[in-house]
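Biologist: Please pick a single part of this model and take me through it closely, with the cut-offs behind each term.

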Amino acid sequence: MALGVLADRIAVITGANRGIGFAIARTFAREGATCALVVRDRAKGERAASDVANVGALPIVVEADMANRTAIKRAAEELSRRFERIDLLVNNAGILTDEDRRIPASRMEPAIIDETLAVNLLGPIAMSEALLPKMGRGARIINVSSTMGQLTDGSAGYAPAYCISKTALNAYTQALAAAVSDNGILVDSFHPGWARTAMGGPNASVDPDQAAGVALFLATRPPGETGLFWRHPGVVIDW
Ligand SMILES: NC(=O)c1ccc[n+]([C@@H]2O[C@H](COP(=O)([O-])OP(=O)(O)OC[C@H]3O[C@@H](n4cnc5c(N)ncnc54)[C@H](OP(=O)(O)O)[C@@H]3O)[C@@H](O)[C@H]2O)c1
């Protein structure tokens, strides 16, 4: 039997082949969880799984493009067949496109906002809904958000599609938390920090493993208030 604070827990992590999602998978596996890596490229997922297996149980790899509802439904069906229950869902996969970084909110490209909302908002909604029937009392849904979606701070107009998608993801966190609180399921958003990944770039200040530490904190925090927005090292912040 695996030892660690997540011993015997089943964790599903989207966008788990690299960056923060991969760091979360490794951290959870090291703590004894059995992980399912949801990825859009199986070969990349298998490589990540074998790296994760260096520190914990070999994860399973499930394919889904998070912009594709049918693919998400298929992935959720596969996960539901493979596991009797799911304890942790981390909606991590996300995009911040180069066009979005360049184009102001006064000239937003429909294709960019569509794609960004599909991956960053509609994907997490579809995945959460599809897996909720497998999630019982004590289960957690953890949405990887960003302070760029924070209405009380925000990004001064930078990357508008991304910011809007994270503001909306936070609104979903609150709504879903209220909807499932009677079932004993906690739903949170968190800001991982400006992390050194393909998205964050090489000059970012936070190591992905440090960002994964916040996910671990949320996976193990004592039951209590739900529907909160967190940042490192486990501090609640304004929406
Ligand atoms: N890095 C930061 O500073 C920072 C700050 C705040 C919030 N965040 C959030 O943290 C999360 C992870 O970001 P990261 O920095 O680790 O980014 P990353 O290094 O760019 O990794 C993004 C992950 O999402 C996956 N992904 C993207 N589009 C997908 C799709 N359509 N279907 C399935 N998977 C898809 C990627 O898979 P592929 O390898 O197949 O592309 C990859 O695994 C995101 O939600 C991001 O918004 C990051």
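Modeller: What follows is a description of the sheet and the helices on it.

The model is predicted, so local features need pLDDT of at least 70 and side-chain atom pairs count only at pLDDT 80 or more, while totals for chains, interfaces and linings use all residues. Residues are numbered from 1 along each chain as its sequence is written, and side-chain values use heavy atoms, with hydrogens and water left out.

The sheet is open and mixed in its pairing, with eight strands in the order β3-β2-β1-β4-β5-β6-β7-β8. Its edges are β3 (60-63) and β8 (235-236), each paired on one side only. Strands here are DSSP runs of E with at least two residues, helices are runs of H or I with at least four, and numbering starts from the N terminus. Two strands pair if DSSP finds at least two bridges between them.

One such pair is β6 (residues 186-191) and β7 (residues 228-231), which run parallel and are joined by four bridges. Within this pair, Asp-188 has Leu-228 of β7 as its bridge partner.

Helix α7 (residues 208-220) packs on the sheet and touches β4, β5, β6 and β7; contact means heavy atoms within 4.5 Å. The direction of α7 makes about 155° with that of β5. Angles run from 0 to 180 degrees between N-to-C directions, using axes fitted as lines to C-alpha atoms, for helices over the stretch in contact.

Helix α5 (residues 110-131) lies across β1 (10-14), β2 (34-39), β4 (88-91) and β5 (140-144). Relative to β4, α5 runs at about 170°. Strands β4 and β5 are thus listed for α5 and also for α7.
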